[in-house]
Amino acid sequence: MKALWLLPLTFILASCYYQDKDATLYAVGDNFELCVDSLSLQSSQPLHNQPIDTTCEQMNVYLGNPLVVAETLIIPEDSVDSVWVKLARDQFTMGWTHQRTFLESVVPDDPISQFIHLFSVRHLLVFAIIFALSLIVLLWQVFSSKRPHVFFLRDILSPYPTFLLITLAASALLYAGIQHYVPETWVLYYYHPTLNPFGLPLILSLFLCSVWLLLVLAIATIDEVLRQIPTGEGFMYLLSLLGCCILCYLLFTLAALSPGASYILYALFVLILLLRYFRHSRARYICGSCGKRMQSLGKCPHCGAENT
């Protein structure tokens, strides 16, 4: 339990990490993609101690257009935004806009950054669809006489689903904690993403390690499910597990707003899942006939052979 209280220290260290670095969000030559319907660019360069020319020619770029940063300019007397950015779509279409408008209208031309942007915009809709499908599976389980495997109600004999949820909860806590307590760390990562967990602030390294572990556990879970139960039933089981993962993610991202409560909740969550695994999902025996896992001696649920 004491180890959980080390997490706030990692947030402090992460914020200190960037205070000593001259890290910028972008540089001349960086590539972006427009993520809003349109953006107007001013053709003429803004000048020092001159009012902004609102009558100069404007050109528009549109959703999905690639853009490159051609130049930056600081106008200290500009009351809207002192930093101007010159953007180029091609050699014929280029112009100036405020940095604030620029950053609000583009996403870095990097698959990791684009995935982060898409996830932040669409994840609630996707979660709602998946959760609705999971609820349908749960109701079918309740009213079905076949009693198919559904996560937490009639689980498979494997540790992977349990450890997948435990890791997901830890990832959700780290993700929400970074965004709420050291947002500048997440913003810099968004503009300079990497899948390598080394050489980053500690809290980001922990988060990326948890993401890699999630990927490994997800692959292991899918393989285990498809080996133990038929494909159709396995798909339903995975869908029910995915619904639980969504609830887990939402719960712990909200709980992260209260650090003390979130750590206690996570400890209880891990304890409950581990107790349930050791009581109901741990395979203690292997069938002598078919070689598949069994929770207890007696009739094999897979081939019907008696094991004593």
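## Strand E5 and its neighbours

Let's start with a pairing: Val-68 sits opposite Ala-88 of strand E5. Keep in mind that this is a predicted model. Val-68's side of the story is strand E4, residues 66-74, which pairs with E5 in the antiparallel sense over 6 bridges.

E5 also pairs with strand E6 (residues 94-98), again in the antiparallel sense, this time over 5 bridges. One pair to look up is Trp-84 and its bridge partner in E6, His-98. E5 and E6 make a hairpin, with 5 residues between the two strands. With E4 pairing to it and E6 pairing to it too, how covered is E5 itself? Mostly: of the 6 residues in E5 (83-88), 5 are buried.

## Helix H6

Now over to the helices. Does the span of H6 agree with its residue count, or disagree? It agrees: at 1.5 Å a residue, the 27 residues of H6 should span 39 Å, and the C-alpha atoms at its ends are 38 Å apart.

Several H6 residues are buried, among them Ile-203, Leu-204, Phe-207, Leu-208, Leu-214 and Leu-217. The buried set also includes Ser-205, Ser-210, Thr-221, Glu-224 and Gln-228, so don't expect just greasy side chains there.

## Leu-241 in helix H7

Thr-221 leads us to helix H7, residues 231-255, where Leu-241 lies. Leu-241 and Thr-221 are 20 residues apart along the chain, and their C-alpha atoms are separated by 10.0 Å. The two residues do touch, and leaving out residues up to four places away in sequence, Leu-241 also touches Phe-151, Pro-161 and Leu-164.

Is Leu-241 buried or exposed? Buried, because its relative accessibility is 3%, and the cut-off for buried is under 20%.

## The largest pocket

The largest pocket has a volume of about 1,200 Å³. Its lining is made up of 33 residues, and those nearest the centre are Phe-115, Phe-119, Leu-168, Val-211 and Leu-214. Leu-214 is a name you've met already, as one of the buried residues of H6.

Which helices each supply at least two residues of the lining? They are H3 (111-143), H4 (160-181), H5 (183-191), H6 (202-228) and H7. H3 gives the most, with 10 residues. As for chemistry, the lining divides into 29 nonpolar residues, 3 polar ones and 1 charged one.

Definitions and conventions: Residues numbered from 1 in each chain as written. Predicted model: local features only at pLDDT ≥ 70, side-chain atom pairs only at ≥ 80, totals over all residues. Heavy atoms only, no water. Buried < 20%, exposed > 50% of the residue type's maximum accessible area, 1.4 Å probe, protein only. Helix = DSSP H or I, 4+ residues; strand = E, 2+ residues; numbered from the N terminus. Pairing = 2+ DSSP bridges. Contact = heavy atoms within 4.5 Å. 1 Å grid on protein atoms, 1.4 Å probe; cavity = no way out; pocket = protein on both sides within 12 Å on 5 of 7 lines; lining within 4 Å. Points joined across faces, edges and corners; volume = space filled by probe spheres on them. Expected span 1.5 Å × (residues − 1).
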